[in-house]
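User: Please take me through this protein by question and answer, with the terms explained as they come up.

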Amino acid sequence: MSAPPVLVLRGVTKRYRSGTLANAGIDLELRPGDIFGLLGPNGAGKTTLVRQVLGLARPTSGSITLDGVDIVADPGFARRNIGFLPQGAFDLQSLTVAETIEFAARLRGIPPREARAAAARLIERLELGPFRGTAMRSASGGVRRLAGFAAAIAAPARLLVLDEPTNDVDPLRRVLLWDLISELGRGGATILLVTHNLAEAERVIDRLAIMNAGRIVREGTPAALRSIVTERLRLELASAGALTPHPALVPDGAGAYLFDAADLPRVAAWVSRLRELGAVVDFRIGPPTLDDIYAAAMAPAAPARPGPGLAPEGAPA
Ligand SMILES: Nc1ncnc2c1ncn2[C@@H]1O[C@H](COP(=O)(O)OP(=O)(O)OP(=O)(O)O)[C@@H](O)[C@H]1O
């Protein structure tokens, strides 16, 4: 039998006094060791949902339980048992990086010596050594983010909520951060990850939900969600100059193209010929990414490929 879920949301709805319906009937279940991605455009309702999970905002209706405890009735339970990396600034800006991590561990009941050891370990792991004595207020955005991440994981928690953990973090330390997130998941930590950085998050996410206008529009494993765009392939091109794409290609909005798998022979022939002519320097054809899934979920009515009659006659074969 599988372990009971850590976090369960049933029919969670939030209507602000202004009348805005920020969450509308959200159902979610996170199991131990789940790294769960929460995605959605600005204003989709992610922050509202996170605030409700943290016990900082009260749902208008619906229920939220953490380890079976009703956190709408007992928001303190959520605050004591959830490690949280917020989007914004930290309250205690005069603390140093090391003190911030140590203090976060102490607040969650870790004795002083162990809290100091946990801070030292995380500083080393995230290569924050040169900044250990830097005050949070004068640290760079990336260092603040990493210190906040270390603070969120400095004490064991039933649930970790990470809001855009890689924002402002340099590419090398991003890798350290994703590795650590993945390791935490393998160690049994349950993680709710709010992110816009799909390409990177794809490495660690077990399941994801895509939100739009307060609702979950898609939910599942990355593999299951790929079936939304399963008959499509993705083409990445490095060209020597501007070129007119093959009519079967549809820009994916991120510099690559999607095309119907049935068009593979035509697209492959087209791109190979351009390669021979030197107009294309390099290319790669592969399965769609999570970004493609996201784009498809956001625009279900707009097909990401032209219908059969749309390719002009005499298109290069
Ligand atoms: N305190 C509030 N009072 C009234 N409306 C709010 C409040 N907070 C958020 N909203 C509204 O609720 C909706 C959802 O906002 P929310 O911040 O939850 O979205 P989000 O997905 O986190 O967006 P972003 O990615 O921009 O942070 C938006 O229309 C927003 O304007």
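The questions below go from the overall build to one residue, one helix pair and the ligand shell.

Analyst: This is a predicted model, in which local features need pLDDT of at least 70 and side-chain atom pairs count only at pLDDT 80 or more, while totals for chains, interfaces and linings use all residues. Residues are numbered from 1 along each chain as its sequence is written.

User: How many helices and strands does the protein have?
Analyst: Helices (H or I, at least four residues) and strands (E, at least two) are taken as DSSP runs and numbered from the N terminus. The C-alpha trace spans about 75 × 45 × 45 Å along its principal axes. Counted in this way, the protein has ten helices and 14 strands.

User: Is Leu 7 buried or exposed?
Analyst: Leu 7 lies in strand β1, which covers residues 7–15. A residue is buried if 20 or more other C-beta atoms, placed from the backbone, lie within 10 Å of its own, exposed if 12 or fewer, and partly exposed in between. Because Leu 7 has 23 other C-beta atoms within 10 Å, it is buried.

User: Which residues is Leu 7 in contact with, leaving aside its neighbours within four places in sequence?
Analyst: Two residues are in contact if their C-beta atoms, placed from the backbone, lie within 7 Å. Leaving aside neighbours within four places in sequence, the partners of Leu 7 are Leu 30, Val 53, Leu 66, Leu 159 and Thr 190.

User: Are α3 and α5 roughly parallel or roughly antiparallel to each other?
Analyst: Helix α3 (residues 97–107) and helix α5 (residues 141–153) pack with their axes 8 Å apart and at an angle of about 25°. Axes are lines fitted to C-alpha atoms, for helices over the stretch in contact, and angles run from 0 to 180 degrees between N-to-C directions. Angles under 35 degrees count as roughly parallel, over 145 as roughly antiparallel, 65 to 115 as roughly perpendicular and the rest as oblique. The two helices α3 and α5 are therefore roughly parallel.

User: Which class of residue, nonpolar, polar or charged, makes up the largest part of the shell around the ligand?
Analyst: A residue is near a molecule or strand if its C-beta atom, placed from the backbone, lies within 6 Å of it, and the residues surrounding the ligand include Tyr 16, Asn 42, Lys 46 and Thr 47. Ala, Val, Leu, Ile, Met, Phe, Trp, Tyr, Cys and Pro count as nonpolar, Asp, Glu, Lys and Arg as charged, and the others, Gly among them, as polar. With three nonpolar and one charged residues beside eight polar ones, the class asked for is polar.
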